[in-house]
Amino acid sequence: MTFDAVTAYLSYVPDTNLLTPPETRPPTPPIETARDWLTQMGFDLRTIAYRTHQTLTADGAIVEFEPIELPKIATAPTPFMTVGVTSTGGIRYAYGLWLSAVETADVPLRSPGEVWAALAAGEGMVDPADAALSGGPLTITDGTLSYLLTHADDGSFILQPVIELTSTTGARIYVSAAQR
């Protein structure tokens, strides 16, 4: 199993002769098998609500977990987990990015005027980055509250509130929504 602490990305591909859990495990539906395995591996499936989707294959199933109660995340990565389950209950592979809701907080948001002033002062991030170099004006067509997955100073992940501005060129501009 490989886990990248910087990106929180997990990748698991066992030796084909050592499928986990052991093949002697009593048969359970693939979604239950995948959920049990993720729990055994230490994934938090209690603090974030999620939906599951199962696709049957010739030799088992692919089970996908997608959080449903997280706020809209503006850019990749977004949390997900995919688990391949054999027809006999073994785990063929698993990969994805998963978070735990350790702490939540109410954050006062900037007013539209404060967001506009911050943008005029050069705050924000343009996506794609080369859109800022086009030299032409960016006309803002829409703005919505969204979130960016960022790192805190301690290395943990934070969903940072941003105002996602859409322009006529297709560029998106993200400005911090939190009051300072």
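**Exercise 1. Reading the chain**

Which pattern does the chain follow, read along the sequence?

*Solution.* The model is a predicted one, in which local features need pLDDT of at least 70 and side-chain atom pairs count only at pLDDT 80 or more, while totals for chains, interfaces and linings use all residues. Residues are numbered from 1 along each chain as its sequence is written, and side-chain values use heavy atoms, with hydrogens and water left out.

Step 1. Helices (H or I, at least four residues) and strands (E, at least two) are DSSP runs, numbered from the N terminus. The chain has 2 helices and 10 strands.

Step 2. Their pattern is β-β-α-β-β-β-β-α-β-β-β-β.

**Exercise 2. Laying out the sheet**

Work out the strand order of the open sheet of 6 strands, and find its edges.

*Solution.* Step 1. Two strands pair if DSSP finds at least two bridges between them. The order is β1-β2-β6-β5-β4-β3, with antiparallel pairing.

Step 2. β1 (2–4) and β3 (50–57) each have a single partner strand, so one side of each lacks a neighbour in the sheet and they stand at the edges. On average, neighbouring strands are turned by 10° against each other, direction ignored; axes are lines fitted to C-alpha atoms, for helices over the stretch in contact, and angles run from 0 to 180 degrees between N-to-C directions.

Step 3. Now follow the pairings. β2 (residues 9–12) is joined to β6 (residues 91–97) by 4 bridges, and L10 stands opposite G96 in β6. Between β4 and β5 there are 6 bridges, with V63 partnered by V83 in β5. β5 and β6 also pair over 6 bridges, and T82 has Y95 in β6 as its bridge partner.

Step 4. Look at the turn: the β5 and β6 hairpin has 4 residues between its strands, and G89 there has a positive phi of about 95°.

**Exercise 3. Placing helix α1 and the core**

Which residues of α1 are buried, and against which strands do they pack?

*Solution.* Step 1. Buried means under 20% relative accessible area, exposed over 50%, and partly exposed in between (1.4 Å probe, protein chains only). In α1 the buried residues are T33, A34, W37 and L38. Because they cover an arc of only 130° around the axis, they are on the same side of α1; the arc is that of the directions from the helix axis to the C-beta atoms.

Step 2. These buried residues pack against β2, β4, β5 and β6, where contact means heavy atoms within 4.5 Å. The helix (residues 30–40) runs at about 60° to β4 (60–67).

Step 3. A nonpolar core is a set of buried Ala, Val, Leu, Ile, Met, Phe, Trp, Tyr and Cys residues joined through side-chain atoms within 4.5 Å. The largest has 16 residues, of which L38, F65, M81, V83 and W98 touch the most other members. Two or more residues come from each of β2, α1, β4, β5 and β6.

Step 4. β5 is largely enclosed by the rest of the structure, because 6 of its 7 residues are buried.

**Exercise 4. Locating an arginine**

Is R110 buried or exposed?

*Solution.* Step 1. R110 is found in the loop between β6 and α2 (112–120).

Step 2. Its relative accessible area is 13%, so R110 is buried.

Step 3. The R110 side chain reaches the backbone oxygen of S176 at 3.1 Å. Leaving aside neighbours within four places in sequence, the contacts of R110 include V115, E123 and V175.

Note on methods. A polar contact is a pair of N or O atoms within 3.5 Å; within protein, one must be able to donate a hydrogen and the other to accept it, and residues adjacent in sequence count only if both atoms are side-chain atoms.
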